[in-house]
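Thanks for asking me to go through this one with you. Here are my notes, in numbered points, so you can follow along in your viewer.

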Amino acid sequence: VSNLNKSDSKIGNLLFCLTKSQNFCRNEYNITGLCNRSSCPLANSQYATIREEKGQCFLYMKVIERAAFPAKMWEKVKLSKNYEKALEQIDENLIYWPRFIRHKCKQRFTKITQYLIRMRKLVLKRQRKLVPLSRKVERREKRKEEKALIAAQLDNAIEKELLERLKQGTYGDIYNFPVHAFDRALEQQDEESEEEEEDEEEEEEDDEDVGKSEFVAEDEVEESDLSDFEEMNKLRTSSDEEEQESSEEEEEEEMEVETKASKSKGKSPANGSAARKKRAYVEIEYEQETEPTPKSRAT
Amino acid sequence: MWSVEGGTEEFQPEQEEKMEKSEQAAAAFPPSFSVSEIKNKQRRHLMFMKFKQEKRKQKLQLKKKKKKEREALGDKAPPKEVPKTIENQRVYDETTVNPEDEEVAFDEGTDEFCSYFNGLTNPKVLITTSDRPRGRTVRFCEQLATVIPNAYVYYRRGLALKRVVPQCIARNFTYVMVVNEDRKVPNGLVLCHLPDGPTAHFKVSSVRLRKEMKRRGKEPTEHSPEVILNNFSTRLGHSIGRLFAALFPQDPQFVGRQVATFHNQRDFIFFRFHRYIFKNEKKVGIQELGPRFTLKLRSLQKGTFDSKFGEYEWVLKVSLSAVTVFFKMQEELCCLI
């Protein structure tokens, strides 16, 4: 390596450095960071480095004349903040120095300025602040949450609230549950001459809904069927509408499953399915082009 | 040798039992013998098991006795005792809102939500995440957008929230929702009401996406859901409740039969999204669609999001020591309920 002085070469190439660790030199004045014979500040009597302190870059130089004065060994030169001017300064100070050191000094200086710029930019951007979680607190909160969930009884609370809203009438006319509507529907059904209407159903209608709901619940609990349920519902409502038309205008007989014109939507599919199970024959629906019913059925 | 040792071992439990019986007989002085003083682990375990069995037997006997007495008395029996729960034992919180309170009504008439509750503005929600969201968070945001009508999901590409907020105001958004993510899972929510409204910061836990729910139905439709707010009874709870209510449009479409529930229990707010159907006037069936998650309020700030200079109305205080937690539970557990 060409920057070796004659006196240095006597030290030899092996075992010259004690700060070596895996090809990296831990000496602060090292210019490349690698542990080589040519970049070791201890092994070379003429050496130069760039170091920065608090955003300011300095050029450090060591010459053989001061080798006897360790306190004054390194000469420190402050470099200008302007990049080009600083490079010129480096050239000026290291004139007649070996090419290798000059080149490496400039490289190091470039790298340092680049990382200083990046640091300044990062400060302006959003800084992510990590907030530590306490494990104890997390564990406690998890347990509290579970207990609160059990205490909350969400399904019951929601159902209760919905039923209350129904009672208070916030839903208006959409659902026709009140009892006098049932009686009216019964009268309408009696008018119709349907054979398919089974007496059982009528009797159950006359009874309180409680008896009915057991029947219904049996069919309805499988919520996996609920998706079919939606379609059935549509079928139901369409058939209901048709039926209403027929009952109101009494034009055509429709052989249909279901009867209760103003029943809840939940009931009818179940009853429909029950009725369907009992019947053997095909149902034919006659559709009449009549004026649409004024009632708006909720779908 | 063996026989001698066997003998001594046999003696000791007998001795201890005798001691125990003598202690029980002389009930005057407190039992100085407890199971925990036995040094031998196996024997200690044995004694403890015996002790437990005894206790259980006694409890059963007591129960039987009480039942007999109850039956014997018939109608005259005293009413059944109600077990103590946290909800029963809670000390009355002065900040509970009385529904007829005029001051509260006046406050609510003039606060940041008044324009919404008077029907003047419609909610428009912007949902976004923290930087570089992972799949779960993205899906969660999408599902939230289906649940909340008029919600838009935007990618946050490293923008600062302070800059996002004025842009949103300019585009007439009423809410900004930022889902914070940690380790690929959503864990925080910042809900900011826009024209300088309050900002609430929640901790999010137990997020279940739609596909993880059992027996869920079809996708939520476009109808505006109804909103149920349970147990928001204190002043703070009231303001948080209004914060949630203003997310949804004022007129729910009952045709859609969808309901979004925010249920507050012991300071945890459980969010559920259901579809309901009335089977008759006494029974309703609900089916859970939609994501579910729980929130815990961490802080409520007066203006829009400003972590440094904001004025905090309420901040959650966490105490590490178990003693203070215990006492706090005894006195006044919750601030929201």
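1. Let me start with Ser39(A). With a relative accessibility of 1%, Ser39(A) counts as buried. Please keep in mind throughout that this is a predicted model. You will find Ser39(A) in a loop of chain A, the one between strand 2 (24–25) and strand 3. Once its neighbours within four places in sequence are left aside, Ser39(A) is in contact with Asn30(A), Thr32(A), Leu34(A), Asn44(A) and Tyr47(A).

2. Thr49(A) is a good next stop. Thr49(A) belongs to strand 3 of chain A, which covers residues 47–53. Is Thr49(A) buried or exposed? Its relative accessible area is 0%, and because buried means under 20%, Thr49(A) is buried. A polar atom of the Thr49(A) side chain lies 2.7 Å from the backbone oxygen of Tyr29(A). Tyr29(A) also appears in the contact list of Thr49(A), which leaves aside neighbours within four places in sequence. The other entries are Asn30(A), Ile31(A), Phe58(A), Leu59(A), Tyr60(A), Trp74(A), Cys105(A) and Arg108(A). Asn30(A) is thus a contact of Thr49(A) and also of Ser39(A).

3. Now to chain B in overview. Chain B has nine helices and 10 strands. Of its 337 residues, 40% count as buried. Among the contacts in chain B with a separation of 6 or more, 64% come from residues 24 or more positions apart. The exposed area of chain B is about 20800 Å², and carbon and sulfur atoms supply 54% of that area.

4. Strand 8 of chain B deserves a look in your viewer. This strand spans residues 268–280, and 13 of its 13 residues are buried, so strand 8 is largely enclosed by the rest of the structure. Which strands pair with strand 8 of chain B? One is strand 7 (residues 258–265), which runs antiparallel to strand 8 and is joined to it by eight bridges. Another is strand 9 (residues 283–301), also antiparallel, with 11 bridges.

5. The connections around strand 8 of chain B are worth tracing too. Strands 7 and 8 of chain B form a hairpin with two residues between them. In that turn, Arg266(B) has a positive phi of about 55 degrees. Across this pairing, Asn264(B) stands opposite Ile269(B) of strand 8. Strands 8 and 9 of chain B likewise form a hairpin, with two residues between them. Here Tyr276(B) has Ile286(B), in strand 9, as its bridge partner.

6. On the nonpolar cores: the largest has 41 residues, of which Phe202(B), Phe244(B) and Leu247(B) touch the most other members. Not counting residues up to four places away in sequence, Leu247(B) touches Pro123(B), Val125(B), Ile148(B), Tyr175(B), Met177(B) and Leu191(B). Apart from the largest core lies another, of 25 residues, with Phe58(A), Leu59(A), Trp74(A) and Ile112(A) among them. Of these, Phe58(A), Leu59(A) and Trp74(A) are also contacts of Thr49(A) from point 2.

7. Helix 7 of chain B shows a clear arrangement. Leu161(B), Val164(B), Val165(B) and Cys168(B) are buried in this helix. Why do the buried residues line one face of helix 7 of chain B? Viewed down the helix axis, they fall within an arc of 105 degrees, so they line one face. As a reminder, an α-helix has 3.6 residues a turn, so residues three or four places apart point the same way. On the other side of helix 7, Arg163(B) and Ala170(B) are exposed. The cover over the buried residues of helix 7 includes strand 1 and strand 3 of chain B.

8. Finally, two backbone angles to check. Asn172(B) is not a glycine, yet its phi is positive, at about 65 degrees. Asn172(B) follows helix 7 of chain B and sits in the loop between helix 7 (161–170) and strand 3 (175–182). At 59% relative accessibility, Asn172(B) counts as exposed. Arg132(B) is not a glycine either, and has a positive phi of about 45 degrees. Its loop in chain B runs between strand 1 (125–129) and helix 6 (135–147). With a relative accessibility of 75%, Arg132(B) counts as exposed.

Terms used
Residues numbered from 1 in each chain as written. Chains lettered and ligands numbered in written order. Predicted model: local features only at pLDDT ≥ 70, side-chain atom pairs only at ≥ 80, totals over all residues. Heavy atoms only, no water. Helix = DSSP H or I, 4+ residues; strand = E, 2+ residues; numbered from the N terminus. Buried < 20%, exposed > 50% of the residue type's maximum accessible area, 1.4 Å probe, protein only. Polar contact = N/O pair within 3.5 Å; in protein donor to acceptor, adjacent residues only side chain to side chain. Contact = heavy atoms within 4.5 Å. Pairing = 2+ DSSP bridges. Areas by Shrake-Rupley, 256 points an atom, 1.4 Å probe, with all protein chains shown as cover. Core = buried A, V, L, I, M, F, W, Y, C linked by side-chain atoms within 4.5 Å. Arc of directions from axis to C-beta.
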